[in-house]
Amino acid sequence: MMNYINDNQIKFKVPLFWKFSIAIIFIVIVFGSVNSILIFNNVQTSLQKETEKRGLFIARSISNQITSDLLFEDYVSIQNAINNIKNTDSTIAYILVLDAENKPIVHTFENQLSSNLAAANSLDGNKIYNTQLLKLNDDEGSLILDIAVPVLSGEVGEVRVGLFENFIQNDVEATVMVFWIMVAIFLAFGIIGAFVFANFITKPIKLIQNVADRIDLANIGINPIPIIKIRDRFLGRIKMYFRAEDEIDILADRFNQMIVRLDKAYRDLQKANANLIQSEKLATVGTLTAGIAHEINNPIAGLKNCIRRLINDPENIVQNKKYLAMMDNAVEKIEKVVSNLLNFSRKQNEDFGYLSIHKVIENSLLFVGHRLEKLRITVTKNIPQNLSIIKGNENQLEQVFLNLFINSIDSIEEKLKSEPESERRLSIFGCEENNNVVIMIEDTGGGIPKKILNNIFDPFLTTKEPGRGTGLGLSIVYNIIKAHNGKISFESVEGSGTTVKVQLPKNF
């Protein structure tokens, strides 16, 4: 199944490096985001557990240390003890000692203890400890992990220790920041790697593209064919002593093979086309044999008549001069016909030169002159003398117009079989349009059937009787005009004649 590209698609160029970079950036950002969330949660959970363990250890140590003082109601010693402990650990927000009725006894607050804070955490039932996450009403809105432990199983009171949670958040953020720094470093290395990798891949692809752009089908078989060199240096600088071939190398090798095959095929095609043109020339000469023989026999008959008169009256100087002049004209005419026939028949080179379209048309008409006279076809020529010079192959263009004239004459002759009184006219017009020299050929023949008008350039397509055409004439005409960067088109109404328009670019 063949896939077609939607012409309505909006297309824009994105270099391979940027495609790799965008893909790497997207993957790294997604990977980093997911992992940063996981790291944040895991680290935070781990730190909270460690903080809880540390706070529980501190609270129990204080509980054991103040048990005796609390029993003897030595609140001064308890105050000094908790103050010393708080001053030695900056992560402790406060220490609070409550009696058995859950009323504050001593604390480390400089100001009065808030009743809300005193009631924020307590031991229920037989719990050995309890934790609460609190938020202080200070300027920073500090988060506090409040840990409550009993003193003598809660019979004489309990100890509460508040630890700052902010340092946990700071540690988590620092860990995540380090992770993102590592992600950024990996991203930078990834983009550099994408640049190196993209360059390694795109360089041979660009070579293939440049070679493909330099291939000129018109010069294939003439100019040397470009070949892609196999990669032998890393990044174009470091020589590679060992190289493992990959798909890019195989692509380059296959591309080189394709170019070589294309060059050979094009050379063979040019050779076949040249042979085909030559074969069609000889077929055309065969078709024109009767007319050419007539063009030669008439002057020969005149020569024989003049020779007899010279033999019969060799002393008549005035008569002899007249007949010698006639003989010279006859010989020149024979020489011209034979010379044109030889020039047309022999295999010519494919070189292009500067030429006038007048000479091409006149030489072509010379070959069909006898048929035009025999069928009494009127030829009208309206070709300005100041038409621009064109660049082309004179012999090939003569073949183009000769084929077109023969087709017109055959069409008129065929129409005369059914309509003997029909008009017999062949008109040739010349002009310039835009940057082209245009020649139009009109005939009053039977025209081209509508069903084959769009296929007239197909090889071996012919409407003539067997033996009167190979069906290659118009196909060869089309190829010759195309080789001259020109155009040819037909307009025809069946039964009313045909108009052929040949456009050839002017030479500047």
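In which sense do β12 and β14 pair, and over how many bridges? In this predicted model, the two strands run antiparallel and are joined over eight bridges. The legends below begin with the sheet that holds this pair.

**Figure 1. Five strands form an open sheet of mixed pairing.** The strand order is β9-β11-β12-β14-β13, and the pairing is mixed. Strands β9 (378-382) and β13 (487-492) stand at the edges, and each has a single partner strand, so one side of each lacks a neighbour in the sheet. On average, neighbouring strands are turned by 15 degrees against each other, direction ignored. Strand β9 pairs with β11 (residues 425-433) in the parallel sense over five bridges, and Val379 stands opposite Leu426 in β11. Helix α10 (residues 394-418) packs on the sheet, where it touches β11, β12 (436-443), β13 and β14 (498-505). The direction of helix α10 makes about 20 degrees with that of β12.

**Figure 2. Strand β14 pairs with both β12 and β13.** Six of the eight residues of β14 are buried, and the strand is thus mostly covered. In its pairing with β12, Met440 stands opposite Lys501 in β14. On the β13 side, six bridges join the two strands, which run antiparallel; here Glu491 has Thr499 of β14 as its bridge partner. Strands β13 and β14 form a hairpin with five residues between them. Gly495, in the turn, has a positive phi of about 95 degrees.

**Figure 3. Lys381 is placed in edge strand β9**. The residue is partly exposed, with a relative accessible area of 41%. Not counting residues up to four places away in sequence, Lys381 touches Glu362, Leu365 and Ile428. The C-alpha atoms of Lys381 and Phe429 are 6.1 Å apart, although 48 residues separate the two in sequence.

**Figure 4. Salt bridges connect helix α10 to helices α8 and α9**. Glu394 forms a salt bridge with Lys359, with the closest N and O atoms 3.6 Å apart. Because Glu394 lies in helix α10 and Lys359 in helix α8 (residues 357-367), the pair ties together parts 35 residues apart in sequence. Both partners are partly exposed, Glu394 at 26% relative accessible area and Lys359 at 48%. A second salt bridge joins the side chains of Arg371 and Asp410 (2.8 Å, N to O). This pair links distant parts of the chain, with Arg371 in helix α9 (residues 369-374) and Asp410 in helix α10, 39 residues apart. Arg371 is buried, with a relative accessible area of 13%, and Asp410 is buried at 9%.

**Figure 5. Glu423 and Arg425 meet in a salt bridge through their side chains**. The N to O distance is 2.8 Å. Glu423 is partly exposed at 46% relative accessible area, and Arg425 is partly exposed at 25%. Elsewhere, salt bridges that share partners join Arg371, Asp410 and Glu413 into one network.

**Figure 6. Asn121 is buried in a loop**. The loop lies between α3 (115-118) and β3 (130-135). Asn121 has a relative accessibility of 1%, and because buried means under 20%, the residue counts as buried. Beyond its neighbours within four places in sequence, Asn121 is in contact with residues including Asn130, Asp146, Glu158 and Arg160.

**Figure 7. A nonpolar surface patch includes Ile27 of helix α1**. The patch of about 480 Å² is made by Phe26, Ile27, Val30, Val34 and Leu38. Ile27 is found in helix α1 (residues 16-71) and is exposed, with a relative accessible area of 54%.

Notes: Residues are numbered from 1 along each chain as its sequence is written. This is a predicted model: local features need pLDDT of at least 70, side-chain atom pairs count only at pLDDT 80 or more; totals for chains, interfaces and linings use all residues. Side-chain values use heavy atoms; hydrogens and water are left out. Patches are made of residues with over 30% relative accessible area and no salt bridge: like charges are joined within 9 Å, nonpolar side chains (Val, Leu, Ile, Met, Phe, Trp, Tyr) within 5 Å. Accessible areas come from the Shrake-Rupley method with a 1.4 Å probe; for residues, only the protein chains shown count as cover. A salt bridge is a side-chain nitrogen of Lys or Arg within 4 Å of a carboxyl oxygen of Asp or Glu. Helices (H or I, at least four residues) and strands (E, at least two) are DSSP runs, numbered from the N terminus. Buried means under 20% relative accessible area, exposed over 50%, partly exposed in between (1.4 Å probe, protein chains only). Two strands pair if DSSP finds at least two bridges between them. Axes are lines fitted to C-alpha atoms, for helices over the stretch in contact, and angles run from 0 to 180 degrees between N-to-C directions. Contact means heavy atoms within 4.5 Å.
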